[in-house]
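Trainee: I'm new to this one and would like a close look at a single part. Please start with the salt bridges and take your time.

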Amino acid sequence: MRILDNWLYPLLNSLCLLAVFSMVLGHQPAVADSGKTALSAKKEYTMGVFPHLPPRQLEKVFAPMAKDLGNAINRHIILRTNTTYKKFAHNLDNEKFDIAFIQPFDYVTISHHRSHVSCMQQVLIGEADACGTAAPALRFFQHKMKVKLKVIAETDPIPHTLFAIHPRVPEYEREIIRERMVNWAKTRQGRKLLDTGKLSSFIPIENSAYDIVREFEKQSH
């Protein structure tokens with residue numbers, strides 16, 4: 001898994017990319033003066049998670065993570081998701097989340113509006129012959145449903161899902177959150193957080209690593 005260091009991207013530059021697992025959002029640069037006011041006034045943060053699993057499962061996986069990160073910076077972090085990718089992308093674009101967990105194509109502004117779980121369920125009940133999904137969602141679905149789906153083809157690898165933190169979160173708190181995430185795999189409590197969602201450890205990543213995803217995006221137009 002990846003963590004980016006600011007949520008900042010040349011074309012989408014109102015957020016900052018965090019170098020361990022982040023993403024990119026927003027369309028306008030942050031305003032320095034009003035930004036400082038928002039920082040001092042904000043008492044709690046919102047963590048948005050893209051709807052790749054049913055809401056109850058997302059809560060089971062990510063609510064403990066939000067609580068752990070909140071404990072690290074002594075702030076309350078509220079978990080939020082949406083019932084569709086379209087709604088989530090809308091909230092992402094409108095900077096509703098202070099911290100966000102997204103898929104690589106959301107990082108370069110392609111959005112998908114179907115649930116991975118729903119897609120695989122259609123295969124399981126025979127309503128679809130095949131489904132395009134991602135490895136983490138596949139592992140989670142197979143573990144939950146106690147089934148084994150056959151992989152018939154794989155695309156070339158692209159960077160993993162990632163976290164992002166809005167620049168309105170103070171830099172020192174972004175650094176604490178990043179370090180906490182990177183070290184989850186090194187502690188018993190942290191490994192438990194990752195194991196719940198069948199997630200691998202998070203590592204630092206550079207913005208340039210997602211250039212291959214941007215190339216896919218260009219080819220799709």
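**A close look at the salt bridges**

Mentor: Let's start with glutamate 175, which has a relative accessibility of 30% and therefore counts as partly exposed. That label covers values between the 20% cut-off for buried and the 50% cut-off for exposed. Keep in mind as we go that this is a predicted model.

Glutamate 175 has a partner: it forms a salt bridge with arginine 178, and the closest N and O atoms are 2.3 Å apart. Both residues sit in helix α7, three residues apart, which is about one turn of the helix. Arginine 178 is on the other side of the 20% cut-off: with a relative accessible area of 14%, it is buried. This bridge, then, joins a partly exposed glutamate to a buried arginine.

Stay on helix α7 and move along to arginine 180. Its side chain meets that of aspartate 68 in another salt bridge, 2.9 Å from N to O. Here the pair links distant parts of the chain: arginine 180 belongs to helix α7 (residues 171-182), aspartate 68 to helix α2 (residues 55-73), and their positions lie 112 residues apart in sequence. Arginine 180 has a relative accessible area of 31%, so it is partly exposed. Aspartate 68, at just 4% relative accessibility, counts as buried.

Now step back to the loop leading into that helix. Arginine 168 and aspartate 98 bring their side chains together in a salt bridge of 2.4 Å, N to O. Because arginine 168 lies in the loop between β6 and α7, while aspartate 98 lies in the loop between α3 (85-93) and β5 (99-102), the pair ties together parts that are 70 residues apart in sequence. Both partners fall under the 20% cut-off for buried: arginine 168 has 19% relative accessibility, and aspartate 98 has 1%.

Aspartate 98 has other company, too. Threonine 46, in strand β3 (residues 44-49), touches Asp98, along with Ile78, Arg80, Lys96, Phe97 and Ile99, leaving out residues up to four places away in sequence. Threonine 46 is itself buried, at 16% relative accessibility.

How many salt bridges does a search of the whole structure find? Four, and we have just walked through three of them, including the pair within helix α7.

Now zoom out for some context. The protein chain has nine helices and seven strands, and buried residues make up 45% of its 221 residues. Links between distant positions turn up in the contacts as well: among those with a separation of 6 or more, 66% are between residues 24 or more positions apart.

Finally, have a look at the outside. The chain exposes about 12,000 Å², with carbon and sulfur atoms supplying 52% of that. On the surface, Arg56, Lys60, Lys144, Lys146 and Lys198 gather in a patch of positive charge. One of them, lysine 146, is in the loop between α6 (135-145) and β6 (162-165), and its relative accessible area of 68% makes it exposed. Right beside it in sequence is methionine 145, placed in helix α6 and partly exposed at 34%. Methionine 145 joins Leu124 and Ile125 in a nonpolar surface patch, with about 270 Å² of accessible area together.

Key
Residues numbered from 1 in each chain as written. Predicted model: local features only at pLDDT ≥ 70, side-chain atom pairs only at ≥ 80, totals over all residues. Heavy atoms only, no water. Patch = residues over 30% accessible without salt bridge, like charges linked within 9 Å, V, L, I, M, F, W, Y side chains within 5 Å. Areas by Shrake-Rupley, 256 points an atom, 1.4 Å probe, with all protein chains shown as cover. Lys, Arg positive; Asp, Glu negative; His and termini not counted. Charge placed at Lys NZ, Arg CZ, Asp CG, Glu CD. Helix = DSSP H or I, 4+ residues; strand = E, 2+ residues; numbered from the N terminus. Buried < 20%, exposed > 50% of the residue type's maximum accessible area, 1.4 Å probe, protein only. Contact = heavy atoms within 4.5 Å.
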